[in-house]
2 protein chains.
Amino acid sequence: MFTGQVVITFLPSGATVSVDPGAPLLEAAASAGIGVNSVCGGRGTCGKCRARVVEGAVSGVTEAEKEHLAAEELERGIVLLCRRRTAGNAVVEIMGEETAPGEKKQAGFIKEQAVFDGRAAASDPPVVKAFLELAPPTVADNTADLARVLGALPKGLRAGAGLARRAPVLLREADYRVTAAIYRPPADKSPRTDVRPGELLALEKGDTTAECYGIAVDMGTTSVAGYLADLARGRVVAAVSSANLQRVHGADVISRVTYVLENAGGLERMRDLAVQTVDGVAARLLARAGVAPERVYLMTLIGNTVMSHLLLGVSPAGLAAAPFTPAFTGSLEGTAAELGLQSLPGSARFIMLPNIAGYVGSDTVGVILAVEMHRRPGNWLAVDVGTNGEIVLTADRGSSTPAHMLSCSTAAGPAFEGARISRGMRAEPGAIYEVGVDDDIRCLVVGGGQPAGICGSGLVDALAALVELGLVNQAGRITDPADFPPDVPKRVRERIRPAGKGFKFVLAEAAGDRPEVAVTQKDISELQLAKGAIRAGIEVLLRKAGLYAADLDGILLAGAFGSNLRPQSVKTIGLLPDIDLSRVKPVGNAAGAGAVLALLSGEQLLAADGIPGRVEHVELSADAGFQDLFIEALGFEVGKR
Amino acid sequence: MFTGQVVITFLPSGATVSVDPGAPLLEAAASAGIGVNSVCGGRGTCGKCRARVVEGAVSGVTEAEKEHLAAEELERGIVLLCRRRTAGNAVVEIMGEETAPGEKKQAGFIKEQAVFDGRAAASDPPVVKAFLELAPPTVADNTADLARVLGALPKGLRAGAGLARRAPVLLREADYRVTAAIYRPPADKSPRTDVRPGELLALEKGDTTAECYGIAVDMGTTSVAGYLADLARGRVVAAVSSANLQRVHGADVISRVTYVLENAGGLERMRDLAVQTVDGVAARLLARAGVAPERVYLMTLIGNTVMSHLLLGVSPAGLAAAPFTPAFTGSLEGTAAELGLQSLPGSARFIMLPNIAGYVGSDTVGVILAVEMHRRPGNWLAVDVGTNGEIVLTADRGSSTPAHMLSCSTAAGPAFEGARISRGMRAEPGAIYEVGVDDDIRCLVVGGGQPAGICGSGLVDALAALVELGLVNQAGRITDPADFPPDVPKRVRERIRPAGKGFKFVLAEAAGDRPEVAVTQKDISELQLAKGAIRAGIEVLLRKAGLYAADLDGILLAGAFGSNLRPQSVKTIGLLPDIDLSRVKPVGNAAGAGAVLALLSGEQLLAADGIPGRVEHVELSADAGFQDLFIEALGFEVGKR
């Protein structure tokens, strides 16, 4: 049938999509489920969304492309997806920086650190199953079908009309041997009145008590992690991560918010992409573990506040400017159908854990839960390093009072994600992710081989090397090699080369089609802004709590990125206060671990609900001392090696 | 556009509908929102669904029509709607027995007896409003929009994603002056754990506290009554009643169940008709009172168990045969969207009150609530007379224990509705509804004028007159006028005329196009079955409770029909036990009153939930003594006048 649409096929995946003629190629790629590395959000400024038109026609070359692509590249049909529109059927090859499904590429690199300890084993999941062998109705006992089921279960459960519809047929087909799945939130023993009622979620034929699953999703701005948990046995049976499909409209939360505010239908589009992402994660989890969708009854969701808003289709407008007011912070519940998920039965429940503030989301609640900040004795700092650095400080006020928690969020900018960095890229194949020094610089590359660029952890290492060797000054300027300390290895010295008015630090020479990878003076400035913001946030919280860095029992580095940083480098560049390295502990994806804990344990779910009320959030933009601390934190204490 | 459909216009309303060629006319009428008197459920056996084809063509004459219509009628284009199918565009005039909208015709007749007493005035409605003047967010207090609202309300309220979506825009547009509508179910002080959580239902700009409405619906098999209540002031502001559009598929619950079981898609069709009916009632209530749909937050629903099932799209298959097992009995809650209502905002809540058993529904719970059977001292009988007679007995066991309640349901058959009665009709214009005796028979006719038929209350009166005058024997046979007692007035005597092998009792002579209206021997047999069934049910309950009729403090006649019966006549024909007439009290539409009470008062709503658990239901089909009591109850104690 003629629909007036054009068909675009994307290589290498072969995914095809029908779109209107004139549709932006970047959106066509997103519709095809392909996550494209578009750091600037499709504004034509980052030059990352490269692709090659293999067959067919697209709209003509733009000024932005002339800036980002060499003439020879333009001739070969290389385009920026965000600058071109469809003009007919076409085959388009996504170039090096495709990010989805992405998991395979990343699997060898990102370490999924397990933080599931004994707590999870002693699970009290909010969904449990009970196998019932009921007596069939008789004239003497013609109790209603649904009442017959409820009568065999703990008192007080509610059931919806959907189960009333299914119960009669199901009971008879199953010969009155059925399994009930029950949502059984923990009884709140505190004086809070916020009671979740118990509910009968599903009725199944025969004994299915062994098959009771839940999914925890950590909705990151960049990537989304999912965990399939066997609720009956209290353990995670599968984990996957996918690119957040929203990335086509910007790398960071600010550009996502901007997209929503500047585009008609932008909120709906963002919501669709978020839901598609979660659906993809859930479907892959189920496929991997061989679990049927009907056996999943609960999903716990965490994310930063903007992601929470977008996934529910709630406008993030209030987060775009001071006073940075979220639309909601409390936990929200509903059904998979309400959320719009296709991968799970419509009746499956979701619980979105509560946010703390506009830029401290439920992912931070997950971190607090996972590392037990809310009941950890001593003074602890948890830092989730990313585009936004979320920082939580627990200040011990003696055993008689519960721990006092402070939080803040700092706009570190996207440098740690590789954005606005000359050769920056995400931790994907070809990225330098670790830089060591002996008689020369040693780079480790994701997937091995010749480097194509550098990711955040590599940048931090490279900068730390410069600081340690005394090759940058206190203000961060790369020193003229003529003024170098005498003990700088010759090969390292040779890597400092003039660039513009200053110098650059070459990590890898150009080779074949791979470009030179160097850290420029501008790159260092970007990193200074990022680390300075986080360090200043830490300092503000310490002051609010009346603590010195020396009072800290430890610093926990959370998040896939933070956990992959070398504590030594982080400390060297001054992102963290000067405490003994043994007290700096990477804790992996603690946010995701928190979502899993809430899935496995009703007690943890309840604890999560209570966390935001116990956290004093500090709005740095309103803090009198922040600006001075930030400026102070931009610099380095050089030559300490 | 050519759709292949045909357009049928129905007179006198002028309603039009597009349907497929070949569609049954009866269904076309239902689709046009016209309730047609179809006692047999469209089976061609009752001959009630007459109409005249004014223009256009329909399918040909059938055998069933030759049986029910005179040749002259067939020539004039009179048809039975259930026997004909569309064959092209047509104009069809519905004949005398159109029943919907119906309300106007009935308004003068059916007395809406008020049972709303002091209890309602002291209302504690489950939905309340609060006007909030909130402080706008500042950097020092950037609490989330929804949290800002919830923080100003009683603790523990939940709110859904829908409100999170609306809150930001609404708060800003309203300058932070908003009204919250709160679902605030009563705190259960008993040890039951069945807690309904509080919920924020709506946020509105400015102060709308004066506009807070709910709707109570009594979903009868024949007609549906609706009440619009001002929850802020605790009073009913509008009441309407409409024909149940399901009537096109049968007059009684059994034929509705049969239709569902015998027709593919029958359940969905029945559900649609039920929802359309409720929508119609709600829309008319709102129009009458000038209330906007957005100001309605709660609907309480009652009905018999079959109606409850059909309205929710739950199969009533279990109710079709012994052991008569309903799919559900407990109360069910949800949203207007889930129910499929178009007339109210999708977020409005509904609560369907609990049923007691397969044939004792939430309407009986409503009766119990309204007449306070559950806390009435003494021994009381409540009888809802209809196609099914629902009977509740409260047996006083002393002040120290709560009243013991027994219930049963008897299949009285449709005689009281005018079905299977030679000139039977519903209480609509032209129906004889009251029959008195002095020197002759005096008939009162709905709407005045020449009678067209007789409705249930008229039949009961006519039969009572025969019994009182000694013109029927103990077995119910009309006596040969030759054997009449001497004191029978001459004019009455002349009304007993031969008919077939026996006699008939002529109430009105034929006049113009109006036929003779008489009570035949067969009519009396039908009435005997109906009254015998109810009386036998009463006797079984009395025996179970160890009571004599003399122990009763009173008998309450509930329902629009029961309330319009003259207690004297009811007693004369032996439908009720022999107790002093002063103790027989019509209580009006107590079921509907109960639904209103549950709407106006959270305490009553909670009480309703507890009622089924306190009622011992007696299944008459399983009762050893019922059959003998039934046969005994068929007869009359004649000549007692």
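**Exercise 1. In what order do the strands of the open sheet of six strands in chain B come?**

Keep in mind that this is a predicted model.

- Step 1. Reading across the sheet, you get E11-E10-E9-E12-E14-E13 of chain B, and the pairing is mixed.
- Step 2. Now look at the edges. Strand E11 (235-243) and strand E13 (332-335) of chain B each have a single partner strand, so one side of each has no neighbour in the sheet.
- Step 3. Check the twist: ignoring direction, neighbouring strands here are turned against each other by 20° on average.
- Step 4. Zoom in on one pair. Strand E12 (residues 296-303) and strand E14 (residues 349-352) of chain B run parallel and are joined by four bridges. Within this pairing, Leu301(B) sits opposite Met352(B) of E14(B).

**Exercise 2. Find which strands helices H12 and H18 of chain B lie across, and give an angle for each helix**.

- Step 1. Start with H12 (residues 362-371) of chain B, which lies across strand E9 (213-219) and E12 of chain B. Its angle to E12(B) is about 105°.
- Step 2. Move on to H18 (residues 590-600) of chain B. This helix lies across E9, strand E10 (223-230), E11 and E12 of chain B, and runs at about 155° to E9(B).
- Step 3. Put the two together: E9 and E12 of chain B turn up under H12(B) and also under H18(B).

**Exercise 3. Work out the layout of the open sheet of three strands in chain B**.

- Step 1. The order is E19-E18-E20 (chain B), again with mixed pairing.
- Step 2. That puts E19 (441-445) and E20 (453-454) of chain B at the edges; each has a single partner strand, so one side of each is left free of a neighbour in the sheet.
- Step 3. Take E18 (residues 431-437) of chain B with E19(B): they pair in the antiparallel sense over five bridges. For Gly436(B), the bridge partner in E19(B) is Arg442(B).
- Step 4. Add the helix. H13 (residues 456-468) of chain B lies across E18 and E20 of chain B, at about 25° to E18(B).

**Exercise 4. Describe how chain A and chain B meet**.

- Step 1. Count residues: 42 of chain A are in contact with 42 of chain B.
- Step 2. Get the area. The two chains bury about 3,300 Å² between them, with 56% of it on carbon and sulfur atoms.
- Step 3. List the polar links. There are two salt bridges across the interface, including Glu333(A) with Arg158(B), whose closest N and O atoms are 3.4 Å apart. You'll also find 16 residue pairs in polar contact.
- Step 4. Ask who supplies the chain A side. Helix H6 (145-151), helix H7 (161-173) and strand E13 (332-335) of chain A each bring at least two residues, and H7(A) gives the most, with five.
- Step 5. Sort that side by type: 21 nonpolar, eleven polar and ten charged residues.

**Exercise 5. Pick out some backbone oddities**.

- Step 1. Recall the background: most peptide bonds are trans, and most residues other than glycine have a negative phi.
- Step 2. In chain A, the bond between Ala322(A) and Pro323(A) is cis, with omega about 5°. Pro323(A) sits in the loop between helix H10 (305-311) and E13 of chain A.
- Step 3. Try chain B: Ala322(B) and Pro323(B) are joined by a cis peptide bond, omega about 5°, and Pro323(B) is in the loop between H10 and E13 of chain B.
- Step 4. Finish with Asp175(A), a residue other than glycine with a positive phi near 55°. Asp175(A) belongs to the loop between H7 and strand E7 (177-183) of chain A.

Note on methods:
Residues numbered from 1 in each chain as written. Chains lettered and ligands numbered in written order. Predicted model: local features only at pLDDT ≥ 70, side-chain atom pairs only at ≥ 80, totals over all residues. Heavy atoms only, no water. Pairing = 2+ DSSP bridges. Contact = heavy atoms within 4.5 Å. Axes fitted to C-alpha atoms, helices over the stretch in contact; angles between N-to-C directions. Buried area = accessible area lost by both parts, 1.4 Å probe. Salt bridge = Lys/Arg side-chain N within 4 Å of Asp/Glu carboxyl O. Polar contact = N/O pair within 3.5 Å; in protein donor to acceptor, adjacent residues only side chain to side chain. Nonpolar A, V, L, I, M, F, W, Y, C, P; charged D, E, K, R; others polar.
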